[in-house]
Structure formats: structure tokens, C-alpha cells
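Open the model in your viewer and keep the selection tool at hand. We will go stop by stop.

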Amino acid sequence: MYTLLSGLYKYMFQKDEYCVLILGLDNAGKTTFLEQTKTKFMGLNIGTIDVGKARLMFWIWEVDELQSLWDKYYAESHGVIYVIDSTDEERLSESKEAFEKMISSETLEGVPLLVLANKQDVPNCLSVPDIKTAFSDCAPKIGKRDCLVQPCTALTGDGVNEGIEWMVKCVVRNIHRPPMQKDIT
Ligand SMILES: Nc1nc2c(ncn2[C@@H]2O[C@H](COP(=O)(O)OP(=O)(O)OP(=O)(O)O)[C@@H](O)[C@H]2O)c(=O)[nH]1
Ligand SMILES: [Mg+2]
């Protein structure tokens, strides 16, 4: 009886924890995106949300910071969200370079990658096809990992649900990086 009850308890309350990095140049909209994510999903504390049985823990990072630590964090992450400022055509190549460096890391191989084309509310901003074209030579390095380029307006929350739900689906099904498990007491 005890086993049955504790099994049921675990089924109901155990969460699978996944670490997700939010990366991008400064001013891309990383902080705004995380704030919207916490508003739309069950935000628990500064960087954690629950979606069904999955618990996502976010780490935000400006891509030119702390490069020496990248591989350590990459090794422990289950997903990456890369935020692009679609209004900043001038810095698009800088963003692409940082993106390319990131996906070249072997420690990130097979980790799902959500690319957010952010600030889509601004007239005449770069569209998803524009960004895909600019990043097209990264395709071989992306390889077989799951990758989605999602239009997004972090300021209003447009595209946030779609992006997070896609990420949850990918990290849950990625058998190469099993979750950390935690009982909720
Ligand atoms: N129009 C518009 N502005 C946005 C959007 N998302 C973020 N911003 C604005 O862009 C600026 C930078 O946003 P942040 O979220 O602070 O960007 P960040 O990537 O966290 O920047 P750092 O912390 O400097 O690395 C702020 O003024 C935001 O209000 C968006 O979807 N649309
Ligand atoms: Mg920020």
C-alpha cells in the first residue's frame, strides 16, 4: 500500500528538471523574454517555471561574457534559447558570429536550440526568412539537433508560449540528456 501511495505521490509531484540557457547579445531582449515566460507559465522563483511534469531552470547570459565558463555550463544544459534583436541589422553579423561559436561547441551537440527573432512588433524589422538567410551557413553546424526559429515579441509575449512549449517537448524527448529528478515536498 505504501509503495502504491508513494508511487502515486511521486507520479503527481515529482518534477523532471531541465536547465535552459538564454543567450544573445546585450539588448537582444533576454531579460524581457524571461519575465514574459514567468508571467505566462507557472513562475516559481527568479528563473524557474513548471510546465506539466517538467521544470525549466533558466540561466541568462550575454554571449560575450564569461567565455571561459561556457563549456562547463553547456555540459549541464538541456536546451538553449538564442535571442536575436530583429531590429538591429547592424549587429546581425556580430550576433551570427557569437551564435556560430556557441553551436560549434561539442558539449552542446544534440541540445535543442530555440532561436528567437525578437522585437517583431517593430515595423520594418528583419523577418524570420531574413534571419534564416543571414544564418544559413550555420546549418551544417546545427546538424541534426532540434532547431526552431520562432518570431517573437518578448515585450508583449507574442511567440513566447509557442517557443517554450516547443522547448519543453524537445528537452523531454531528448534521450541523450536525461533530466535531473526532484521530489516536491
Ligand atoms: N519593441 C520591442 N522592444 C523590446 C522587445 N523585447 C525587449 N525589448 C526592449 O529591448 C531593450 C533590451 O531588452 P532586455 O530584455 O533588457 O535585453 P537583454 O538581452 O536582457 O539585455 P542585457 O541585459 O543588456 O544583455 C529594452 O528596452 C526592452 O524593453 C520586443 O519584443 N519589442
Ligand atoms: Mg538583461
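The tour starts at the ligand, moves on to a buried asparagine and its helix, and ends at two exposed asparagines. Keep in mind that this is a predicted model.

**Stop 1: ligand 1**

Select ligand 1 and show the residues around it. There are 16 of them. Which come nearest? They are Asn27, Lys30, Thr31, Thr32 and Asp121.

Now look for the polar contacts. Pick Thr31: a polar atom of its side chain sits 2.7 Å from an oxygen atom of ligand 1. Pick Asp121 next. Its side chain places a polar atom 2.7 Å from a nitrogen atom of ligand 1. At Ala154, turn to the backbone, where a polar atom is 3.0 Å from an oxygen atom of the ligand. How much of ligand 1 does the protein bury? Taken alone, the ligand exposes 650 Å², and the protein buries 70% of that.

Colour the shell by residue class. You should find five nonpolar, six polar and five charged residues. Then colour by element. Helix 2, residues 30–40, gives the most to this shell, with three residues.

**Stop 2: Asn174**

Jump to Asn174. It belongs to the loop between helix 7 (160–173) and strand 8 (180–182). Is Asn174 buried or exposed? Its relative accessibility is 10%, so it counts as buried, the cut-off being under 20%.

Follow the side chain of Asn174. It reaches the backbone oxygen of Gly110 at 3.2 Å. Beyond its neighbours within four places in sequence, Asn174 is in contact with Gly110, Val111 and Pro112.

**Stop 3: helix 7**

Step back to helix 7. It has 14 residues. From first C-alpha to last it reaches 20 Å, close to the 20 Å expected at 1.5 Å a residue. Select its buried residues: Val160, Gly163, Ile164, Trp166, Met167, Val168, Cys170 and Val171. As you look along the axis, remember that an α-helix has 3.6 residues a turn, so residues three or four places apart point the same way.

**Stop 4: two positive phi angles**

Most residues other than glycine have a negative phi. The next two selections go the other way.

Return to Asn27, which you met beside ligand 1. It lies in the loop between strand 1 (15–24) and helix 2. Its phi is near 75°. Asn27 is exposed, with a relative accessible area of 57%.

Finish at Asn124, in the loop between strand 6 (113–118) and helix 5 (128–134). Here phi is about 65°. Asn124 is exposed too, with a relative accessible area of 83%.

Note on methods. Residues are numbered from 1 along each chain as its sequence is written. Chains are lettered from A and ligands numbered from 1 in the order in which they are written. This is a predicted model: local features need pLDDT of at least 70, side-chain atom pairs count only at pLDDT 80 or more; totals for chains, interfaces and linings use all residues. Side-chain values use heavy atoms; hydrogens and water are left out. A residue is near a molecule or strand if one of its heavy atoms lies within 4 Å of it. A polar contact is a pair of N or O atoms within 3.5 Å; within protein, one must be able to donate a hydrogen and the other to accept it, and residues adjacent in sequence count only if both atoms are side-chain atoms. Accessible areas come from the Shrake-Rupley method with a 1.4 Å probe; for residues, only the protein chains shown count as cover. Helices (H or I, at least four residues) and strands (E, at least two) are DSSP runs, numbered from the N terminus. Ala, Val, Leu, Ile, Met, Phe, Trp, Tyr, Cys and Pro count as nonpolar, Asp, Glu, Lys and Arg as charged, and the others, Gly among them, as polar. Buried means under 20% relative accessible area, exposed over 50%, partly exposed in between (1.4 Å probe, protein chains only). Contact means heavy atoms within 4.5 Å. The expected span of a helix is 1.5 Å times one less than its number of residues.
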